[in-house]
Amino acid sequence: MSETKFLEGKSVLVTGSGRGIGRGIALEVARAGGKVVVNDLDPETVQEVVTEIESAGGSAVANTDSVASWEGASAMVEQAVKAFGKIDAVVNNAGILRDNIFHKMTPEEFNDVVDVHLLRPGRDLVERAQHRDALNQPPLLVAAVVEQAHHVEARRIARQLAQQE
């Protein structure tokens, strides 16, 4: 983990952090000293990220709940508070992609996309969790971490593309 620990002692929930930009954000939060709830629907990718964070000396827990439901979002927040005693920040990164034009999607695929990206009841609940009086913690701005994670992920993708040429 890096020497800059500006998130030391902070608990951060990163939705959709099993792969891609969310993974990069979770890793950067951990490098900055934050404790991470790694969330994704795929248990294997979640565990890989948790293992990577822990192997580097960080602290993380795995979560496979969905932001598309109130129950899933509540479970994420409860897990963060149970594991780390509080929740300081939420990075709402979760999203799903169905590589299909909407009118060629199955009803299930279409509903999944709409639930996560438009209705997102769980996302709204997770956002509000930061402001609960019971947590007694101000929300933490994580813009710097998100920006750094985007740079890390962009460099990783560029390296992959260069290897393909």
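Two strands count as paired if DSSP finds at least two bridges between them. That rule applies to the starting point of this tour through a predicted model.

**Stop 1: strands E1 and E2.** Select residues 11-15, which are strand E1, and residues 35-39, which are strand E2. The two run in the parallel sense and are joined over 4 bridges. To find one of the contacts that hold to this pattern, pick Ser 11 and look across to E2, where its bridge partner is Lys 35.

**Stop 2: the whole sheet.** Now add strand E3 (59-63) and strand E4 (89-92). With these, the open sheet has 4 strands in the order E3-E2-E1-E4, and the pairing is parallel. E3 and E4 are the edge strands, each pairing on one side only. On average, neighbouring strands here are turned by 15 degrees against each other, direction ignored.

**Stop 3: helices on the sheet.** Show helix H1, residues 20-31, and helix H2, residues 43-55. H1 lies across E1, E2 and E4, and its direction is at about 170 degrees to E1. H2 also packs on the sheet, where it touches E2 and E3 and makes about 175 degrees with the direction of E3.

**Stop 4: H1 against H2.** Hide the strands and keep the two helices. Their axes are 10 Å apart, and the packing angle is about 25 degrees. Angles under 35 degrees count as roughly parallel, and H1 and H2 are therefore roughly parallel to each other. The crossing of H1 past H2 is right-handed. For the side chains, select Arg 23, Ala 26, Leu 27 and Ala 30 in H1, which meet Val 49, Glu 52 and Ile 53 in H2. By class, this contact has 5 nonpolar residues, 2 charged residues and no polar ones.

**Stop 5: Thr 45.** Stay in helix H2 and select Thr 45. Is this residue buried or exposed? Its relative accessibility is 12%, so Thr 45 counts as buried. Leaving aside residues up to four places away in sequence, Thr 45 touches Gly 18, Arg 19 and Asp 40.

**Stop 6: Ser 59.** Finish in strand E3, at Ser 59. Ser 59 counts as partly exposed because its relative accessibility is 30%. Which residues does Ser 59 touch, not counting residues up to four places away in sequence? They are Gly 34, Lys 35, Val 36, Ile 53 and Phe 84. Lys 35 is also the bridge partner of Ser 11 from the opening stop. Last, put a distance label between the C-alpha atoms of Ser 59 and Ala 83: these residues are 24 apart in sequence and 9.9 Å apart in space.

Methods: Residues numbered from 1 in each chain as written. Predicted model: local features only at pLDDT ≥ 70, side-chain atom pairs only at ≥ 80, totals over all residues. Heavy atoms only, no water. Axes fitted to C-alpha atoms, helices over the stretch in contact; angles between N-to-C directions. Parallel < 35°, antiparallel > 145°, perpendicular 65-115°, else oblique. Left-handed = near helix turned anticlockwise from the far one by under 90°. Contact = heavy atoms within 4.5 Å. Nonpolar A, V, L, I, M, F, W, Y, C, P; charged D, E, K, R; others polar. Buried < 20%, exposed > 50% of the residue type's maximum accessible area, 1.4 Å probe, protein only.
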